[in-house]
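Trainee: I am new to this structure and would like a close look at one part of it. Please take me through the pockets and the charged side chains around them.

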Amino acid sequence: MFLGTGSDSIIRAICSIFIDPGDESIMGEVSFQRYEDNTKIMGGNVVKIPMKNHKLDVEKMVDAITERTKILWFCTPNNPTGPVIKKDELFSIIDKIPKDVIFVMDEAYYEYVDDPDYPQTIPLLGKYPNMIILRTFSKAYGLAGLRVGYGIANENIAKYINAVVGPFDVNLIAQNAALAALKDKEFLRKVVELNKKSREYFYKEFKSIGLEYIESQANFVMVDLKADDKMVFNELLKEA
Ligand SMILES: *Cc1c(COP(=O)(O)O)cnc(C)c1O
């Protein structure tokens, strides 16, 4: 286990450990931008695999592994489209990932998920020493400004990441806030419940005005506005 100033700093650490110039990491075409930024900072290249019905095409991602591949980025729920990688999808590919390729399960929106087919990844750590799980206090716990994220992985990987992240990165106030947040189960329950209701509300309203949307397991819903997004953005700001 390791802490970082947001899971973003752990993503950076992972790239600085595993990516050398010319190496590759593989991500979904519409997924979290920081995987690409941090791979490139280390001189690596990103291979983007087209989405399959707005979901990560995990099979094609694994098929795309080459000798230069160092990392697979599985963002689940996927930011910004919203769906998760389901158990059967994960289990159909997980044994095909070579042991010298790291696969990152970025579970930044873990707490919001209510899909019973969402795989619990911590129990898999023993069998897959090349897996890294990322979580954060920035989303459901509402502490984005304090910058606390964490990762869980095999001891060996944790040792490298701790060496890169450094022992002084997460300040004491942030650590104490994170500990207090973990104890406040009622707050988390309320957040998750309100989020679920809000997703349902958006679905209902989008349907009633005829906008296509993607069902989400996170705290956002991607919708085709069929309009100029800047204009909608500015109009929404006026409502804030
Ligand atoms: C928000 C987010 C992160 C990073 O969050 P931190 O604030 O750095 O902990 C990482 N991955 C995904 C998919 C995110 O949406």
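Mentor: What follows goes through the two pockets and then the salt bridges. The model is a predicted one.

Start with the second largest pocket, which holds about 210 Å³ of space. Its lining is made up of 14 residues, and those nearest its centre are Pro83, Asp115, Glu215, Ser216 and Gln217. By type, the lining residues are eight charged, three polar and three nonpolar. The pocket lies between domain 1 (2-182) and domain 2 (185-239), because both domains give residues to its lining.

Asp115 also takes part in a salt bridge, its side chain meeting that of Lys86 at 2.6 Å, N to O. This pair links distant parts of the chain, 29 residues apart. Lys86 sits in the loop between strand 4 (69-75) and helix 4 (87-93), while Asp115 sits in the loop between strand 5 (102-106) and strand 6 (131-136). Asp115 has a relative accessibility of 14%, so it counts as buried, the cut-off being under 20%. Lys86, at 26%, counts as partly exposed.

Now turn to the largest pocket, with about 260 Å³ of space. Helix 7 (185-208) and helix 8 (229-239) each supply at least two residues of its lining. Among the lining residues are Tyr201, Phe202, Phe206, Ile209, Leu211, Val223, Leu225, Val232 and Leu236. Glu205, Glu235 and Glu239 also line this pocket. The whole lining divides into nine nonpolar residues, three charged and no polar.

Glu205 leads to another salt bridge, formed with Lys204, where the closest N and O atoms are 3.7 Å apart. Glu205 is partly exposed, with a relative accessible area of 29%. Lys204 has a relative accessibility of 54%, so it counts as exposed, the cut-off being over 50%.

These two pairs belong to a longer list, for the count of salt bridges comes to 18. Another of them joins the side chains of Asp57 and Lys60, at 3.9 Å from N to O. In that pair Asp57 is buried, with a relative accessible area of 9%, whereas Lys60 is partly exposed, at 49%. Salt bridges also link Asp8, Arg12, Arg34 and Asp37 in a network.

To bring the pockets and charges together: Asp115 is among the residues nearest the centre of the second largest pocket and is bridged to Lys86. Glu205 lines the largest pocket and is bridged to Lys204.

How values were computed. Residues are numbered from 1 along each chain as its sequence is written. This is a predicted model: local features need pLDDT of at least 70, side-chain atom pairs count only at pLDDT 80 or more; totals for chains, interfaces and linings use all residues. Side-chain values use heavy atoms; hydrogens and water are left out. On a 1 Å grid over the protein atoms alone, a cavity is a set of points where a 1.4 Å probe fits but cannot get out, and a pocket is an open set with protein on both sides within 12 Å along at least five of seven lines; lining residues have an atom within 4 Å of a point. Grid points are joined across faces, edges and corners, and a volume is the space filled by probe spheres set on the points. Helices (H or I, at least four residues) and strands (E, at least two) are DSSP runs, numbered from the N terminus. Ala, Val, Leu, Ile, Met, Phe, Trp, Tyr, Cys and Pro count as nonpolar, Asp, Glu, Lys and Arg as charged, and the others, Gly among them, as polar. Domain bounds come from an automatic or database domain assignment. A salt bridge is a side-chain nitrogen of Lys or Arg within 4 Å of a carboxyl oxygen of Asp or Glu. Buried means under 20% relative accessible area, exposed over 50%, partly exposed in between (1.4 Å probe, protein chains only).
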